[in-house]
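Reader: Hi! I am new to reading protein models, and I would like a close look at one part: the salt bridges. Could you take me through them slowly?

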Amino acid sequence: MAAATLMTKPLPAHPLPKKPLPAGWPRERYESHNRRLKAMRLAIALLDTGVYRPEHATNTKIRTTALAIGVHHPSDTTCRLVRALIYDNC
């Protein structure tokens, strides 16, 4: 019996190029989309630094991480979204 082998693609050396968002969306949708992207970047950075619980991700911790990775100062809403993403990861 032949063993099954997994065919996996190697990871790209560079991130995928960004595509522009489609025109015609309401402004709130663009803001929500960009907020989710920022929150995802921050959540990944916090997980990489060892913050695995939402109660350990204070606004101050999230904002200092944003400064460290070069992301603009997140709002309170973005901080709540980061904690929600970390909670979902638990």
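Author: Happy to help; here is the setting, followed by each salt bridge in turn.

This is a predicted model, where local features need pLDDT of at least 70 and side-chain atom pairs count only at pLDDT 80 or more, while totals for chains, interfaces and linings use all residues. Residues are numbered from 1 along each chain as its sequence is written, and side-chain values use heavy atoms, with hydrogens and water left out.

Let us start with the overall fold. The protein chain has three helices and zero strands, giving the pattern α-α-α along the sequence. Here helices (H or I, at least four residues) and strands (E, at least two) are DSSP runs, numbered from the N terminus. Of the 90 residues in the protein chain, 21% count as buried. Buried means under 20% relative accessible area, exposed means over 50%, and partly exposed is in between, with a 1.4 Å probe and protein chains only.

Now to your salt bridges. The term stands for a side-chain nitrogen of Lys or Arg within 4 Å of a carboxyl oxygen of Asp or Glu. By this rule the count is three.

Take helix 1 to begin with. It covers residues 27-48 and holds both Arg-27 and Glu-31, which sit four residues apart, about one turn of the helix. Their side chains form a salt bridge, with 3.1 Å from N to O. Arg-27 has a relative accessible area of 62%, so this residue is exposed. Glu-31 has 38% relative accessibility and therefore counts as partly exposed.

The next pair is Arg-53 and Glu-55, whose side chains meet in a salt bridge, again given as N to O, at 3.1 Å. Glu-55 is exposed because its relative accessible area is 51%. Arg-53, with a relative accessible area of 41%, is partly exposed.

The remaining pair joins Arg-63 to Asp-76, and their closest N and O atoms are 2.6 Å apart. This salt bridge links distant parts of the chain: Arg-63 belongs to helix 2 (residues 59-69) and Asp-76 to helix 3 (residues 76-89), with their positions 13 residues apart in the numbering. Arg-63 is partly exposed, since its relative accessible area is 22%. Asp-76 is partly exposed as well, at 42% relative accessibility.

To look back at the pairs, Arg-27 and Glu-31 lie in helix 1, whereas Arg-63 in helix 2 reaches Asp-76 in helix 3.
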